[in-house]
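Student: I would like to practise reading a model from the whole chain down to single residues. Could we go through one together?
Tutor: Gladly; here it is.

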Amino acid sequence: MSEAKKYPAPVTNPETAAFWDAAKQGKFMIKRCTACGEAHYFPRSICPFCYSDKTVWEEASGEGTIYTWSLMRKSPTGPYAIGYVTLKEGPSVQTNFVDCDLEKLKIGQKVRVVFKPTDGAPLPFFTPA
C-alpha cells in the first residue's frame with residue numbers, strides 16, 4: 001500500500017498571511033485593485049497592472065479552465081502534471097493537477113480548487129470539476 005503524498009508547508013510572510021489563513025478555512029483568495037479594477041494572483045499588495053497599493057482581498061470561486069498543462073512522466077516521486085488555470089475571475093494560476101487521471105487532462109477542461117494538507121497551511125491545487 002502506498003503512503004499518502006506529503007506536501008511541503010508553504011513559506012508565509014506578513015503580505016501573504018491572509019491568503020494562508022483563508023486557505024486553512026478552505027477559501028481561495030485573490031487580490032483586486034480598487035484603482036483599476038483588475039484581479040490578480042499571486043496576491044500581493046501592489047497591483048501588477050497599474051502599480052497602485054489600493055488592493056483588497058476577494059474570495060475566488062475556485063473554478064477555472066485549463067489554459068495549458070504538461071505531464072512530467074519521469075520523476076523520483078512519480079508522474080505529475082503542472083499547468084496554468086484561468087480562474088473564473090480572470091487571473092491565471094500556475095498549479096499542479098491532483099486526484100485525477102493525468103492522461104485525460106485537456107486544454108479547456110473545467111477544474112476546481114482543492115486543498116491538500118501540509119504541516120502548515122494547506123496548499124491549493126486543481127482537479128477536474
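Student: Which residues does UniProt list for "domain: ChsH2 C-terminal OB-fold"?
Tutor: A domain annotation comes from a record, so let us keep it apart from what is computed on the coordinates. The unreviewed UniProt entry lists residues 57-116 under that name. Keep in mind as we go that this is a predicted model.

Student: How much of the span 57-116 is helix, and how much is strand?
Tutor: In this model, residues 57-116 are 0% helix and 57% strand. The C-alpha atoms at the two ends of the span lie 22 Å apart.

Student: And how many helices and strands does the protein chain have?
Tutor: There is one helix, together with eight strands. Following the sequence, the order is α-β-β-β-β-β-β-β-β, with the helix ahead of the strands.

Student: How does the radius of gyration of the protein chain stand against the globule rule?
Tutor: The idea is to set the computed radius beside the value the rule gives for a chain of that length. Here the radius of gyration is 15 Å and the rule gives 14 Å for 129 residues, so the chain is as compact as a globular protein of that length. For the outline, the C-alpha trace spans about 50 × 35 × 20 Å along its principal axes.

Student: What share of the residues counts as buried?
Tutor: Of the 129 residues, 36% are buried. Looking from the outside, the chain exposes about 7900 Å², and carbon and sulfur atoms supply 53% of that area.

Student: Among contacts between residues at least 6 apart in sequence, what percentage joins residues at least 24 apart?
Tutor: That percentage is 47% in this chain.

Student: How far apart are the mean positions of the positive and negative charges?
Tutor: Average the places of each kind of charge, then take the distance between the two averages. With 16 positive and 13 negative charges, the mean positions are 4 Å apart.

Student: Let us move to single residues. Is T95 buried or exposed?
Tutor: T95 has a relative accessibility of 5%, and the cut-off for buried is under 20%, so T95 counts as buried. T95 is found in strand β6, which covers residues 92-97.

Student: Which residues does T95 touch, leaving out those up to four places away in sequence?
Tutor: T95 touches A81, I82, G83 and V85, and also P124, F125 and F126.

Student: Where is S52, and is S52 buried or exposed?
Tutor: S52 sits in the loop between β2 (39-40) and β3 (55-59). A loop residue can still be checked for burial in its own right: S52 is buried, with a relative accessible area of 12%. Beyond its sequence neighbours, S52 touches C33, A35, S45, I46 and C47.

Student: What is there to read in the backbone of that loop?
Tutor: Look at omega and phi. The peptide bond from Y41 to F42 is cis, with omega near 5°, and F42 lies in the loop between β2 and β3. Y51, in the loop between β2 and β3 as well, has a positive phi of about 65° although it is not a glycine. Y51 counts as exposed at 64% relative accessibility.

Student: What is the phi of D99, and where does D99 lie?
Tutor: D99 has a positive phi of about 55° and is not a glycine. D99 belongs to the loop between β6 and β7 (110-116), and is exposed with a relative accessible area of 54%.

Student: How far apart in space are Y51 and T65?
Tutor: A separation in sequence and a distance in space are best read side by side. Y51 and T65 are 14 residues apart in sequence, and their C-alpha atoms are 27 Å apart. For A4 and F19, 15 residues apart along the chain, the C-alpha separation is 25 Å. A4 is in the segment before α1 (17-23) and counts as exposed at 68% relative accessibility.

Student: And at the other end, what is A129 in contact with?
Tutor: Leaving aside neighbours within four places, A129 is in contact with K110, V111 and R112. A129 lies in the segment after β8 (123-128) and counts as exposed, at 72% relative accessibility. The C-alpha atoms of A129 and L102, 27 residues apart along the chain, are 14 Å apart.

Key. Residues numbered from 1 in each chain as written. Predicted model: local features only at pLDDT ≥ 70, side-chain atom pairs only at ≥ 80, totals over all residues. Heavy atoms only, no water. Helix = DSSP H or I, 4+ residues; strand = E, 2+ residues; numbered from the N terminus. Rg over C-alpha atoms; globule rule 2.2 N^0.38 Å. Buried < 20%, exposed > 50% of the residue type's maximum accessible area, 1.4 Å probe, protein only. Contact = heavy atoms within 4.5 Å. Areas by Shrake-Rupley, 256 points an atom, 1.4 Å probe, with all protein chains shown as cover. Lys, Arg positive; Asp, Glu negative; His and termini not counted. Charge placed at Lys NZ, Arg CZ, Asp CG, Glu CD.
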